[in-house]
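Student: I have a structure open and would like to go through its cysteines and its ligand site with you. Shall we start?

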Amino acid sequence: MARTPVPTHWFNVNAAIPELYEPYVDPETNDPVTDQALEELFAPELVAQEVNRADTWLPIPEEVLRRLSTWRPTPLLRARGLEAALDTRCRILYKYEGASPIGSHKANSGVAQAYFTKRSGRDRVYAETGAGQWGSAISLGSAFNGLGCSVFMVGSSFDSKPSRRILMETFGSTVERSPTEHTDAGRSERARTPDSTGGLGLAIAEAVEATKADPAASYALGSAFGFVCLHQTIIGQELKDQLVDAGVEADVLISCIGGGSSFGGVIFPFLTDPPGRRPELIAAESNAVPKVTRGEFTYDHGDSSGLTPLIKMYTLGHKFAPPSIHSGGLRYHGLAPQVSKLINLGMGRAEAYAQLEIFDAATLFARTEGIVPAPEAAHGIAAACHYATKHRDEERTVVFCLTGHGFFDLPAYQTYLTGNMEDSDTPDDLIEKSLSGLSRVSGTRPTSLASGRDTAFAGWQRRHAGARTSPPRRGDRDSPAARAGATSPLGRVSRADGDRAASAADSTVTDLTGAQVVTERTLGGCAPDTTVIVVQPGAVLTPSARSELRRRGIAVRNNER
Ligand SMILES: *Cc1c(COP(=O)(O)O)cnc(C)c1O
(Lines give C-alpha, C1' and ligand atoms only; values in the text may rest on other atoms or scores of the structure.)
Protein backbone atom coordinates (compact mmCIF):
# COMPACT_ATOMS: atom_id res chain seq x y z
CA MET A 1 0.00 0.00 0.00
CA ALA A 2 1.37 3.44 -0.91
CA ARG A 3 2.40 5.47 2.10
CA THR A 4 -0.39 7.89 2.92
CA PRO A 5 0.82 11.35 3.89
CA VAL A 6 -0.05 12.56 7.39
CA PRO A 7 -2.98 15.01 7.11
CA THR A 8 -1.95 18.64 7.52
CA HIS A 9 -5.30 19.82 8.93
CA TRP A 10 -7.82 18.71 11.50
CA PHE A 11 -11.42 18.25 10.35
CA ASN A 12 -13.78 20.49 12.32
CA VAL A 13 -17.16 18.79 12.38
CA ASN A 14 -18.77 21.80 14.12
CA ALA A 15 -18.28 23.82 10.93
CA ALA A 16 -18.93 21.01 8.45
CA ILE A 17 -22.17 19.82 10.07
CA PRO A 18 -23.47 22.65 12.25
CA GLU A 19 -26.49 20.73 13.54
CA LEU A 20 -24.17 18.54 15.61
CA TYR A 21 -23.07 21.51 17.72
CA GLU A 22 -24.67 22.17 21.11
CA PRO A 23 -23.09 24.83 23.31
CA TYR A 24 -21.97 24.04 26.86
CA VAL A 25 -24.25 25.60 29.42
CA ASP A 26 -23.44 27.34 32.69
CA PRO A 27 -25.56 25.61 35.36
CA GLU A 28 -25.96 28.83 37.31
CA THR A 29 -27.12 31.17 34.57
CA ASN A 30 -28.56 28.65 32.09
CA ASP A 31 -26.64 30.54 29.41
CA PRO A 32 -23.99 29.14 27.10
CA VAL A 33 -20.61 29.26 28.85
CA THR A 34 -18.27 32.04 27.84
CA ASP A 35 -14.87 31.51 26.26
CA GLN A 36 -13.33 33.24 29.27
CA ALA A 37 -14.74 30.61 31.62
CA LEU A 38 -13.23 27.85 29.50
CA GLU A 39 -9.90 29.68 29.29
CA GLU A 40 -9.57 29.42 33.06
CA LEU A 41 -8.95 25.74 32.44
CA PHE A 42 -7.69 25.42 28.88
CA ALA A 43 -5.25 27.25 26.63
CA PRO A 44 -7.01 29.93 24.54
CA GLU A 45 -6.16 28.19 21.27
CA LEU A 46 -7.85 25.00 22.49
CA VAL A 47 -10.91 27.01 23.51
CA ALA A 48 -10.93 28.62 20.06
CA GLN A 49 -10.94 25.14 18.53
CA GLU A 50 -13.74 24.07 20.86
CA VAL A 51 -16.09 26.87 19.79
CA ASN A 52 -15.04 27.33 16.15
CA ARG A 53 -18.01 26.87 13.84
CA ALA A 54 -16.60 28.72 10.85
CA ASP A 55 -13.62 26.75 9.56
CA THR A 56 -13.96 23.15 8.43
CA TRP A 57 -10.19 22.71 8.17
CA LEU A 58 -7.90 23.84 10.99
CA PRO A 59 -4.17 23.71 10.21
CA ILE A 60 -2.03 21.44 12.40
CA PRO A 61 1.02 23.41 13.61
CA GLU A 62 4.30 22.29 12.00
CA GLU A 63 5.78 21.23 15.34
CA VAL A 64 2.77 19.03 16.22
CA LEU A 65 2.77 17.49 12.76
CA ARG A 66 6.46 16.66 13.08
CA ARG A 67 5.82 14.82 16.35
CA LEU A 68 2.74 13.01 15.03
CA SER A 69 4.75 11.92 12.00
CA THR A 70 7.08 9.85 14.17
CA TRP A 71 4.35 7.17 14.32
CA ARG A 72 1.79 8.35 11.77
CA PRO A 73 0.24 7.42 9.47
CA THR A 74 -0.78 4.39 11.47
CA PRO A 75 -1.27 1.26 9.37
CA LEU A 76 -4.55 0.05 7.89
CA LEU A 77 -4.32 -3.73 7.89
CA ARG A 78 -6.46 -6.54 6.57
CA ALA A 79 -7.43 -9.22 9.11
CA ARG A 80 -7.32 -12.22 6.78
CA GLY A 81 -6.71 -14.66 9.63
CA LEU A 82 -9.77 -13.38 11.48
CA GLU A 83 -11.86 -13.52 8.29
CA ALA A 84 -10.89 -17.16 7.81
CA ALA A 85 -11.61 -18.03 11.44
CA LEU A 86 -15.06 -16.45 11.20
CA ASP A 87 -15.68 -18.17 7.88
CA THR A 88 -17.01 -14.96 6.35
CA ARG A 89 -16.88 -13.48 2.87
CA CYS A 90 -16.67 -10.01 4.43
CA ARG A 91 -13.39 -8.18 4.18
CA ILE A 92 -12.26 -7.00 7.64
CA LEU A 93 -9.82 -4.09 7.90
CA TYR A 94 -8.48 -2.38 10.98
CA LYS A 95 -6.74 0.90 11.64
CA TYR A 96 -4.06 0.27 14.25
CA GLU A 97 -3.71 3.13 16.74
CA GLY A 98 -1.64 0.96 19.09
CA ALA A 99 1.34 1.97 16.93
CA SER A 100 1.78 5.20 18.94
CA PRO A 101 4.62 5.45 21.49
CA ILE A 102 2.20 4.92 24.38
CA GLY A 103 0.14 2.27 22.63
CA SER A 104 -3.14 4.07 21.97
CA HIS A 105 -4.87 6.85 20.01
CA LYS A 106 -4.75 9.17 23.04
CA ALA A 107 -1.26 10.29 22.02
CA ASN A 108 -2.83 12.22 19.11
CA SER A 109 -4.43 14.70 21.49
CA GLY A 110 -1.76 14.52 24.22
CA VAL A 111 0.83 15.92 21.84
CA ALA A 112 -1.48 18.69 20.59
CA GLN A 113 -2.79 19.78 24.01
CA ALA A 114 0.71 19.99 25.47
CA TYR A 115 1.87 22.08 22.50
CA PHE A 116 -0.96 24.65 22.73
CA THR A 117 -0.65 24.83 26.51
CA LYS A 118 3.07 25.58 26.31
CA ARG A 119 2.53 28.12 23.52
CA SER A 120 -0.06 29.97 25.63
CA GLY A 121 2.72 30.75 28.11
CA ARG A 122 1.62 28.28 30.77
CA ASP A 123 4.27 25.92 32.04
CA ARG A 124 2.37 23.07 33.68
CA VAL A 125 -0.57 20.77 33.03
CA TYR A 126 -2.65 18.90 35.54
CA ALA A 127 -4.46 15.79 34.41
CA GLU A 128 -6.30 12.87 35.90
CA THR A 129 -5.89 9.31 34.79
CA GLY A 130 -7.84 6.17 35.56
CA ALA A 131 -6.03 3.17 34.20
CA GLY A 132 -3.14 5.40 33.08
CA GLN A 133 -3.71 5.75 29.35
CA TRP A 134 -4.50 9.45 29.24
CA GLY A 135 -1.84 10.15 31.83
CA SER A 136 0.71 8.44 29.55
CA ALA A 137 -0.43 10.48 26.54
CA ILE A 138 -0.23 13.88 28.22
CA SER A 139 3.11 12.88 29.77
CA LEU A 140 4.45 12.11 26.30
CA GLY A 141 3.20 15.46 24.97
CA SER A 142 4.64 17.31 27.96
CA ALA A 143 8.05 15.68 27.47
CA PHE A 144 8.04 16.79 23.82
CA ASN A 145 7.14 20.37 24.75
CA GLY A 146 9.17 20.95 27.93
CA LEU A 147 6.01 21.30 29.98
CA GLY A 148 5.64 20.27 33.63
CA CYS A 149 3.04 17.56 34.07
CA SER A 150 1.28 16.41 37.24
CA VAL A 151 -1.04 13.45 37.01
CA PHE A 152 -3.65 12.54 39.61
CA MET A 153 -3.92 8.78 39.27
CA VAL A 154 -6.92 6.98 40.74
CA GLY A 155 -5.67 5.31 43.94
CA SER A 156 -6.81 1.79 43.07
CA SER A 157 -4.96 1.92 39.71
CA PHE A 158 -1.93 3.52 41.32
CA ASP A 159 -1.76 0.52 43.65
CA SER A 160 -2.50 -2.18 41.08
CA LYS A 161 -0.94 -0.82 37.86
CA PRO A 162 2.61 0.31 38.60
CA SER A 163 3.74 -0.10 34.96
CA ARG A 164 1.66 2.82 33.65
CA ARG A 165 2.88 5.01 36.53
CA ILE A 166 6.48 4.14 35.72
CA LEU A 167 5.87 4.99 32.05
CA MET A 168 4.56 8.45 33.03
CA GLU A 169 7.50 9.02 35.37
CA THR A 170 9.90 7.96 32.63
CA PHE A 171 8.50 10.79 30.52
CA GLY A 172 9.23 13.14 33.45
CA SER A 173 5.79 13.52 35.01
CA THR A 174 4.91 13.61 38.67
CA VAL A 175 2.27 11.03 39.49
CA GLU A 176 0.18 11.45 42.65
CA ARG A 177 -2.02 8.84 44.22
CA SER A 178 -5.52 10.32 44.35
CA PRO A 179 -6.96 11.30 46.81
CA THR A 180 -3.99 13.53 47.72
CA GLU A 181 -3.32 16.02 50.51
CA HIS A 182 -2.87 18.83 47.94
CA THR A 183 -6.50 19.72 47.26
CA ASP A 184 -9.67 20.35 49.26
CA ALA A 185 -11.40 17.58 47.32
CA GLY A 186 -8.61 15.13 48.19
CA ARG A 187 -8.30 16.20 51.84
CA SER A 188 -12.01 15.95 52.52
CA GLU A 189 -12.18 12.51 50.91
CA ARG A 190 -9.26 11.37 53.07
CA ALA A 191 -10.90 12.76 56.17
CA ARG A 192 -14.11 10.90 55.33
CA THR A 193 -12.44 7.68 54.20
CA PRO A 194 -8.84 7.40 55.43
CA ASP A 195 -8.07 4.36 53.24
CA SER A 196 -9.89 5.68 50.15
CA THR A 197 -8.78 4.21 46.82
CA GLY A 198 -10.27 7.16 44.92
CA GLY A 199 -12.25 7.29 41.69
CA LEU A 200 -12.11 8.98 38.32
CA GLY A 201 -14.58 11.71 39.30
CA LEU A 202 -12.50 12.56 42.35
CA ALA A 203 -9.26 12.60 40.34
CA ILE A 204 -10.87 15.03 37.86
CA ALA A 205 -12.02 17.20 40.74
CA GLU A 206 -8.46 17.28 42.10
CA ALA A 207 -6.92 18.12 38.71
CA VAL A 208 -9.44 20.89 38.07
CA GLU A 209 -8.97 22.35 41.57
CA ALA A 210 -5.18 22.27 41.22
CA THR A 211 -5.45 24.04 37.87
CA LYS A 212 -7.71 26.76 39.23
CA ALA A 213 -5.25 27.39 42.05
CA ASP A 214 -2.28 27.76 39.69
CA PRO A 215 -2.49 30.63 37.20
CA ALA A 216 0.45 29.25 35.21
CA ALA A 217 -1.26 25.92 34.60
CA SER A 218 -3.83 24.29 32.35
CA TYR A 219 -6.03 21.29 32.74
CA ALA A 220 -5.60 18.50 30.18
CA LEU A 221 -8.52 16.34 29.22
CA GLY A 222 -8.36 12.96 27.48
CA SER A 223 -11.70 12.63 25.72
CA ALA A 224 -15.30 13.86 25.27
CA PHE A 225 -14.60 17.56 24.57
CA GLY A 226 -14.83 18.83 21.00
CA PHE A 227 -11.16 19.76 20.70
CA VAL A 228 -10.10 16.26 21.73
CA CYS A 229 -12.33 14.73 19.04
CA LEU A 230 -10.92 17.32 16.61
CA HIS A 231 -7.34 16.16 17.28
CA GLN A 232 -8.43 12.56 16.66
CA THR A 233 -9.83 13.35 13.18
CA ILE A 234 -6.36 12.68 11.88
CA ILE A 235 -7.32 8.98 12.17
CA GLY A 236 -10.39 9.21 9.97
CA GLN A 237 -8.68 11.32 7.33
CA GLU A 238 -5.80 8.87 7.00
CA LEU A 239 -8.29 6.03 6.89
CA LYS A 240 -10.20 7.67 4.02
CA ASP A 241 -7.00 8.02 1.99
CA GLN A 242 -5.91 4.47 2.80
CA LEU A 243 -9.26 3.05 1.70
CA VAL A 244 -8.95 4.92 -1.60
CA ASP A 245 -5.39 3.59 -2.02
CA ALA A 246 -6.65 0.07 -1.33
CA GLY A 247 -9.49 0.56 -3.80
CA VAL A 248 -12.25 -0.32 -1.34
CA GLU A 249 -15.21 1.45 0.23
CA ALA A 250 -16.22 0.77 3.82
CA ASP A 251 -19.73 -0.58 4.37
CA VAL A 252 -19.43 -0.11 8.11
CA LEU A 253 -17.09 1.81 10.44
CA ILE A 254 -16.74 0.64 14.02
CA SER A 255 -14.94 1.94 17.11
CA CYS A 256 -15.40 1.55 20.84
CA ILE A 257 -16.68 4.44 22.95
CA GLY A 258 -15.38 5.70 26.27
CA GLY A 259 -15.76 9.46 26.02
CA GLY A 260 -16.13 9.06 22.26
CA SER A 261 -13.03 10.85 20.94
CA SER A 262 -11.65 7.91 18.96
CA PHE A 263 -15.06 7.10 17.49
CA GLY A 264 -15.56 10.77 16.56
CA GLY A 265 -12.07 11.00 15.13
CA VAL A 266 -12.62 7.96 12.95
CA ILE A 267 -16.07 8.75 11.63
CA PHE A 268 -16.41 12.57 11.44
CA PRO A 269 -14.48 12.86 8.15
CA PHE A 270 -16.92 10.37 6.57
CA LEU A 271 -20.05 12.32 7.55
CA THR A 272 -19.72 14.65 4.57
CA ASP A 273 -19.89 11.72 2.11
CA PRO A 274 -23.10 11.67 0.08
CA PRO A 275 -25.81 9.90 2.16
CA GLY A 276 -26.02 6.88 -0.17
CA ARG A 277 -22.26 6.28 0.08
CA ARG A 278 -21.85 6.93 3.77
CA PRO A 279 -20.90 3.77 5.72
CA GLU A 280 -23.00 2.46 8.58
CA LEU A 281 -21.55 3.67 11.89
CA ILE A 282 -21.40 1.48 14.99
CA ALA A 283 -20.21 2.64 18.41
CA ALA A 284 -19.30 -0.32 20.64
CA GLU A 285 -19.84 0.27 24.35
CA SER A 286 -19.54 -1.89 27.46
CA ASN A 287 -22.79 -3.36 28.78
CA ALA A 288 -21.54 -2.30 32.22
CA VAL A 289 -21.45 1.37 31.13
CA PRO A 290 -24.27 1.49 28.55
CA LYS A 291 -24.68 5.24 28.18
CA VAL A 292 -26.26 5.05 24.74
CA THR A 293 -28.24 1.83 24.88
CA ARG A 294 -29.52 2.52 28.41
CA GLY A 295 -28.82 6.18 29.16
CA GLU A 296 -30.58 9.44 28.35
CA PHE A 297 -29.79 12.17 25.84
CA THR A 298 -29.89 15.25 28.00
CA TYR A 299 -27.82 17.94 29.75
CA ASP A 300 -25.43 16.68 32.40
CA HIS A 301 -22.05 17.43 33.95
CA GLY A 302 -18.92 15.85 32.51
CA ASP A 303 -17.48 15.03 35.96
CA SER A 304 -18.90 13.48 39.08
CA SER A 305 -18.41 16.58 41.23
CA GLY A 306 -20.47 18.79 38.94
CA LEU A 307 -17.58 21.20 38.23
CA THR A 308 -17.84 21.21 34.43
CA PRO A 309 -20.50 23.06 32.48
CA LEU A 310 -23.62 21.15 31.43
CA ILE A 311 -23.10 19.18 28.25
CA LYS A 312 -25.86 17.81 26.04
CA MET A 313 -24.99 14.16 25.61
CA TYR A 314 -25.89 10.55 26.25
CA THR A 315 -25.30 10.00 29.93
CA LEU A 316 -25.95 7.57 32.75
CA GLY A 317 -25.89 10.51 35.18
CA HIS A 318 -22.70 12.13 36.48
CA LYS A 319 -23.00 10.29 39.80
CA PHE A 320 -23.06 6.92 38.05
CA ALA A 321 -20.33 4.73 39.54
CA PRO A 322 -19.52 2.16 36.84
CA PRO A 323 -18.93 -1.40 37.94
CA SER A 324 -15.32 -2.50 37.87
CA ILE A 325 -14.43 -3.95 34.45
CA HIS A 326 -11.10 -4.59 32.74
CA SER A 327 -11.79 -1.84 30.17
CA GLY A 328 -10.94 1.17 32.34
CA GLY A 329 -11.00 3.51 29.33
CA LEU A 330 -14.71 2.88 28.76
CA ARG A 331 -15.78 3.58 32.35
CA TYR A 332 -17.14 7.06 31.69
CA HIS A 333 -20.76 8.07 32.25
CA GLY A 334 -21.06 10.46 29.29
CA LEU A 335 -20.22 10.77 25.60
CA ALA A 336 -18.86 13.55 23.37
CA PRO A 337 -21.75 15.89 22.49
CA GLN A 338 -21.26 15.74 18.70
CA VAL A 339 -21.08 11.94 18.79
CA SER A 340 -24.17 11.85 21.03
CA LYS A 341 -26.07 14.15 18.68
CA LEU A 342 -25.31 12.20 15.53
CA ILE A 343 -26.46 8.98 17.19
CA ASN A 344 -29.56 10.76 18.44
CA LEU A 345 -30.27 11.90 14.87
CA GLY A 346 -30.07 8.28 13.70
CA MET A 347 -26.84 8.70 11.73
CA GLY A 348 -25.15 5.93 13.71
CA ARG A 349 -26.00 3.41 16.38
CA ALA A 350 -24.50 1.78 19.45
CA GLU A 351 -24.16 -1.84 20.50
CA ALA A 352 -23.26 -3.02 24.00
CA TYR A 353 -20.93 -5.95 24.66
CA ALA A 354 -20.21 -8.00 27.77
CA GLN A 355 -16.76 -8.69 29.18
CA LEU A 356 -16.42 -12.39 28.28
CA GLU A 357 -17.57 -11.71 24.71
CA ILE A 358 -14.92 -9.05 24.25
CA PHE A 359 -12.17 -11.24 25.70
CA ASP A 360 -13.28 -14.05 23.36
CA ALA A 361 -12.89 -11.56 20.51
CA ALA A 362 -9.57 -10.27 21.82
CA THR A 363 -8.10 -13.76 22.14
CA LEU A 364 -9.35 -14.80 18.72
CA PHE A 365 -7.79 -11.65 17.29
CA ALA A 366 -4.47 -12.25 19.06
CA ARG A 367 -4.27 -15.80 17.74
CA THR A 368 -5.27 -14.95 14.18
CA GLU A 369 -3.64 -11.51 13.72
CA GLY A 370 -0.82 -11.49 16.26
CA ILE A 371 -1.74 -8.28 18.04
CA VAL A 372 -2.89 -8.43 21.66
CA PRO A 373 -5.61 -5.78 21.84
CA ALA A 374 -6.45 -3.45 24.70
CA PRO A 375 -9.72 -4.66 26.27
CA GLU A 376 -11.36 -1.35 25.28
CA ALA A 377 -10.36 -1.90 21.66
CA ALA A 378 -11.71 -5.46 21.83
CA HIS A 379 -15.25 -4.02 22.01
CA GLY A 380 -14.70 -2.86 18.43
CA ILE A 381 -13.38 -6.29 17.46
CA ALA A 382 -16.44 -7.99 18.98
CA ALA A 383 -18.75 -5.66 17.02
CA ALA A 384 -16.78 -6.34 13.81
CA CYS A 385 -17.00 -10.11 14.42
CA HIS A 386 -20.75 -9.87 14.92
CA TYR A 387 -21.21 -7.85 11.76
CA ALA A 388 -18.99 -10.09 9.64
CA THR A 389 -20.77 -13.17 10.96
CA LYS A 390 -24.23 -11.75 10.41
CA HIS A 391 -23.33 -10.85 6.82
CA ARG A 392 -21.02 -13.80 6.22
CA ASP A 393 -22.33 -14.56 2.75
CA GLU A 394 -21.96 -10.98 1.51
CA GLU A 395 -18.77 -9.33 0.33
CA ARG A 396 -19.02 -6.36 2.67
CA THR A 397 -16.10 -4.30 3.91
CA VAL A 398 -15.95 -3.97 7.69
CA VAL A 399 -13.51 -1.41 9.09
CA PHE A 400 -12.79 -0.97 12.78
CA CYS A 401 -10.37 1.09 14.80
CA LEU A 402 -8.02 -0.92 17.01
CA THR A 403 -7.59 1.90 19.52
CA GLY A 404 -4.69 0.36 21.42
CA HIS A 405 -2.60 -2.66 22.28
CA GLY A 406 -2.99 -4.67 25.45
CA PHE A 407 0.57 -5.09 26.69
CA PHE A 408 -0.31 -3.27 29.91
CA ASP A 409 -3.41 -5.44 30.31
CA LEU A 410 -1.80 -8.86 30.41
CA PRO A 411 -2.91 -9.50 34.02
CA ALA A 412 -6.52 -9.23 32.75
CA TYR A 413 -5.74 -11.79 30.04
CA GLN A 414 -4.29 -14.03 32.72
CA THR A 415 -7.58 -13.86 34.63
CA TYR A 416 -9.45 -14.74 31.46
CA LEU A 417 -7.15 -17.57 30.41
CA THR A 418 -7.30 -19.22 33.81
CA GLY A 419 -11.07 -19.15 33.73
CA ASN A 420 -11.39 -16.70 36.61
CA MET A 421 -12.95 -13.77 34.77
CA GLU A 422 -16.43 -12.69 35.74
CA ASP A 423 -18.80 -11.64 33.00
CA SER A 424 -20.04 -8.06 33.15
CA ASP A 425 -23.68 -7.29 33.61
CA THR A 426 -25.87 -4.26 33.04
CA PRO A 427 -26.40 -2.72 36.47
CA ASP A 428 -30.08 -1.84 35.95
CA ASP A 429 -30.65 -0.78 39.55
CA LEU A 430 -27.61 1.53 39.57
CA ILE A 431 -28.67 3.05 36.26
CA GLU A 432 -32.21 3.70 37.42
CA LYS A 433 -30.97 5.32 40.60
CA SER A 434 -28.42 7.43 38.77
CA LEU A 435 -30.85 8.59 36.09
CA SER A 436 -33.47 9.50 38.66
CA GLY A 437 -30.82 11.64 40.35
CA LEU A 438 -30.33 13.29 36.98
CA SER A 439 -33.96 14.33 36.70
CA ARG A 440 -33.71 15.86 40.18
CA VAL A 441 -30.93 18.03 38.77
CA SER A 442 -33.46 19.22 36.21
CA GLY A 443 -33.91 22.40 38.24
CA THR A 444 -30.49 23.40 36.97
CA ARG A 445 -31.10 22.02 33.51
CA PRO A 446 -31.27 24.81 30.94
CA THR A 447 -34.97 25.01 30.19
CA SER A 448 -34.36 27.43 27.36
CA LEU A 449 -32.26 24.87 25.49
CA ALA A 450 -33.55 21.48 26.47
CA SER A 451 -36.92 20.09 27.35
CA GLY A 452 -35.71 17.06 29.19
CA ARG A 453 -35.66 13.90 27.16
CA ASP A 454 -35.43 14.57 23.47
CA THR A 455 -38.53 13.55 21.59
CA ALA A 456 -36.32 12.18 18.84
CA PHE A 457 -34.75 9.90 21.44
CA ALA A 458 -37.81 7.74 21.97
CA GLY A 459 -38.17 7.24 18.23
CA TRP A 460 -34.49 6.46 17.90
CA GLN A 461 -34.69 3.92 20.68
CA ARG A 462 -37.63 2.22 18.99
CA ARG A 463 -35.83 2.08 15.66
CA HIS A 464 -32.69 0.69 17.18
CA ALA A 465 -34.14 -1.50 19.89
CA GLY A 466 -33.20 -4.58 17.90
CA ALA A 467 -29.63 -3.42 17.48
CA ARG A 468 -28.76 -3.74 21.13
CA THR A 469 -26.87 -6.85 22.02
CA SER A 470 -28.96 -8.18 24.82
CA PRO A 471 -27.16 -8.16 28.14
CA PRO A 472 -27.12 -11.46 29.97
CA ARG A 473 -30.52 -11.85 31.55
CA ARG A 474 -30.62 -12.29 35.28
CA GLY A 475 -32.23 -15.72 35.01
CA ASP A 476 -29.36 -16.85 32.81
CA ARG A 477 -27.02 -16.68 35.75
CA ASP A 478 -27.96 -20.07 37.06
CA SER A 479 -28.07 -21.97 33.79
CA PRO A 480 -25.25 -24.46 33.19
CA ALA A 481 -24.16 -22.41 30.18
CA ALA A 482 -23.93 -19.20 32.14
CA ARG A 483 -22.09 -20.98 34.93
CA ALA A 484 -19.68 -22.59 32.53
CA GLY A 485 -19.40 -19.39 30.52
CA ALA A 486 -18.70 -17.32 33.59
CA THR A 487 -15.98 -19.57 34.86
CA SER A 488 -14.56 -21.08 31.72
CA PRO A 489 -13.86 -18.83 28.79
CA LEU A 490 -12.43 -20.85 25.91
CA GLY A 491 -14.06 -23.89 27.33
CA ARG A 492 -11.32 -24.42 29.91
CA VAL A 493 -13.75 -25.96 32.31
CA SER A 494 -12.19 -27.77 35.19
CA ARG A 495 -12.79 -31.49 35.11
CA ALA A 496 -15.06 -31.42 38.11
CA ASP A 497 -17.27 -28.72 36.61
CA GLY A 498 -17.35 -30.36 33.25
CA ASP A 499 -18.29 -33.68 34.73
CA ARG A 500 -21.03 -32.12 36.75
CA ALA A 501 -22.47 -30.44 33.67
CA ALA A 502 -22.12 -33.59 31.57
CA SER A 503 -23.54 -35.93 34.14
CA ALA A 504 -26.73 -33.93 34.57
CA ALA A 505 -29.47 -36.44 33.84
CA ASP A 506 -30.88 -34.76 30.74
CA SER A 507 -27.66 -33.60 29.06
CA THR A 508 -27.00 -34.11 25.37
CA VAL A 509 -23.31 -33.83 24.65
CA THR A 510 -22.00 -32.81 21.24
CA ASP A 511 -18.35 -33.42 20.43
CA LEU A 512 -16.72 -30.42 18.75
CA THR A 513 -13.12 -31.38 19.55
CA GLY A 514 -12.31 -31.33 15.84
CA ALA A 515 -12.70 -27.53 15.72
CA GLN A 516 -9.96 -25.10 16.70
CA VAL A 517 -12.39 -22.21 16.39
CA VAL A 518 -16.02 -22.63 17.36
CA THR A 519 -18.26 -20.30 15.38
CA GLU A 520 -22.00 -19.72 15.38
CA ARG A 521 -22.08 -21.85 12.23
CA THR A 522 -20.32 -24.75 13.98
CA LEU A 523 -23.07 -24.63 16.58
CA GLY A 524 -25.71 -24.63 13.85
CA GLY A 525 -24.61 -28.21 13.12
CA CYS A 526 -25.27 -29.39 16.69
CA ALA A 527 -28.40 -31.33 17.55
CA PRO A 528 -31.14 -28.91 18.64
CA ASP A 529 -31.36 -30.47 22.11
CA THR A 530 -27.62 -30.10 22.80
CA THR A 531 -26.95 -29.02 26.37
CA VAL A 532 -23.16 -29.46 26.47
CA ILE A 533 -20.47 -29.09 23.83
CA VAL A 534 -17.01 -30.58 24.24
CA VAL A 535 -14.19 -28.57 22.67
CA GLN A 536 -10.45 -29.15 22.35
CA PRO A 537 -8.09 -27.53 24.88
CA GLY A 538 -7.44 -23.91 23.99
CA ALA A 539 -10.22 -23.80 21.39
CA VAL A 540 -11.44 -20.27 20.68
CA LEU A 541 -15.09 -19.28 20.74
CA THR A 542 -16.16 -16.41 18.51
CA PRO A 543 -18.24 -13.69 20.16
CA SER A 544 -21.27 -14.71 18.09
CA ALA A 545 -20.84 -18.31 19.18
CA ARG A 546 -20.70 -17.10 22.79
CA SER A 547 -24.00 -15.24 22.31
CA GLU A 548 -25.55 -18.27 20.67
CA LEU A 549 -24.45 -20.56 23.52
CA ARG A 550 -25.93 -18.17 26.02
CA ARG A 551 -29.17 -17.96 24.06
CA ARG A 552 -29.50 -21.74 23.80
CA GLY A 553 -28.34 -22.41 27.37
CA ILE A 554 -25.50 -24.69 26.23
CA ALA A 555 -22.54 -25.39 28.52
CA VAL A 556 -18.95 -25.73 27.33
CA ARG A 557 -16.33 -28.15 28.50
CA ASN A 558 -13.02 -29.32 27.11
CA ASN A 559 -11.42 -32.73 26.91
CA GLU A 560 -8.20 -31.67 28.56
CA ARG A 561 -6.33 -34.08 30.87
C1 LIG B 1 -9.13 5.69 26.39
C2 LIG B 1 -9.23 4.56 25.49
C3 LIG B 1 -10.42 4.28 24.81
C4 LIG B 1 -11.63 5.15 24.94
O5 LIG B 1 -11.47 6.22 24.05
P6 LIG B 1 -12.46 7.43 23.89
O7 LIG B 1 -11.84 8.23 22.85
O8 LIG B 1 -12.56 8.12 25.21
O9 LIG B 1 -13.80 6.86 23.49
C10 LIG B 1 -10.45 3.22 23.93
N11 LIG B 1 -9.38 2.43 23.74
C12 LIG B 1 -8.21 2.65 24.38
C13 LIG B 1 -7.08 1.74 24.12
C14 LIG B 1 -8.10 3.72 25.26
O15 LIG B 1 -6.95 3.96 25.89
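Student: Is Cys256 buried or exposed?
Tutor: Happy to start there, keeping in mind that this is a predicted model. A residue counts as buried under 20% relative accessible area. Cys256 has a relative accessible area of 4%, so Cys256 is buried.

Student: Why is the sulfur of Cys256 not in a bond with the closest cysteine sulfur?
Tutor: A disulfide needs two cysteine sulfur atoms within 2.5 Å. The closest cysteine sulfur to that of Cys256 belongs to Cys401, and that is too far for a bond because the distance is 7.3 Å.

Student: How many disulfides does a search of the whole structure find?
Tutor: As a reminder, a disulfide is a covalent bond between the sulfur atoms of two cysteines. Searching the whole structure gives a count of zero.

Student: Good. Now the ligand: which residues are closest to the ligand?
Tutor: The ligand is surrounded by 18 residues. By class, this shell holds four nonpolar, 12 polar and two charged residues. The closest are Lys106, Ser223, Gly258, Ser261 and Thr403.

Student: Which residue has a polar side-chain atom 2.6 Å from an oxygen atom of the ligand?
Tutor: Let's take the backbone contacts before the side chain. Polar backbone atoms of Gly259 and of Gly260 each lie 2.8 Å from an oxygen atom of the ligand. The side-chain contact at 2.6 Å comes from Ser261.

Student: And how much of the area that the ligand exposes alone does the protein bury?
Tutor: The ligand sits in the largest cavity. Taken alone, the ligand exposes 390 Å², and the protein buries 98% of that.

Note on methods: Residues are numbered from 1 along each chain as its sequence is written. This is a predicted model: local features need pLDDT of at least 70, side-chain atom pairs count only at pLDDT 80 or more; totals for chains, interfaces and linings use all residues. Side-chain values use heavy atoms; hydrogens and water are left out. A residue is near a molecule or strand if one of its heavy atoms lies within 4 Å of it. A polar contact is a pair of N or O atoms within 3.5 Å; within protein, one must be able to donate a hydrogen and the other to accept it, and residues adjacent in sequence count only if both atoms are side-chain atoms. Accessible areas come from the Shrake-Rupley method with a 1.4 Å probe; for residues, only the protein chains shown count as cover. On a 1 Å grid over the protein atoms alone, a cavity is a set of points where a 1.4 Å probe fits but cannot get out, and a pocket is an open set with protein on both sides within 12 Å along at least five of seven lines; lining residues have an atom within 4 Å of a point. A molecule sits in a cavity or pocket if more than half of its atoms lie within 2 Å of its grid points. Ala, Val, Leu, Ile, Met, Phe, Trp, Tyr, Cys and Pro count as nonpolar, Asp, Glu, Lys and Arg as charged, and the others, Gly among them, as polar. Buried means under 20% relative accessible area, exposed over 50%, partly exposed in between (1.4 Å probe, protein chains only).
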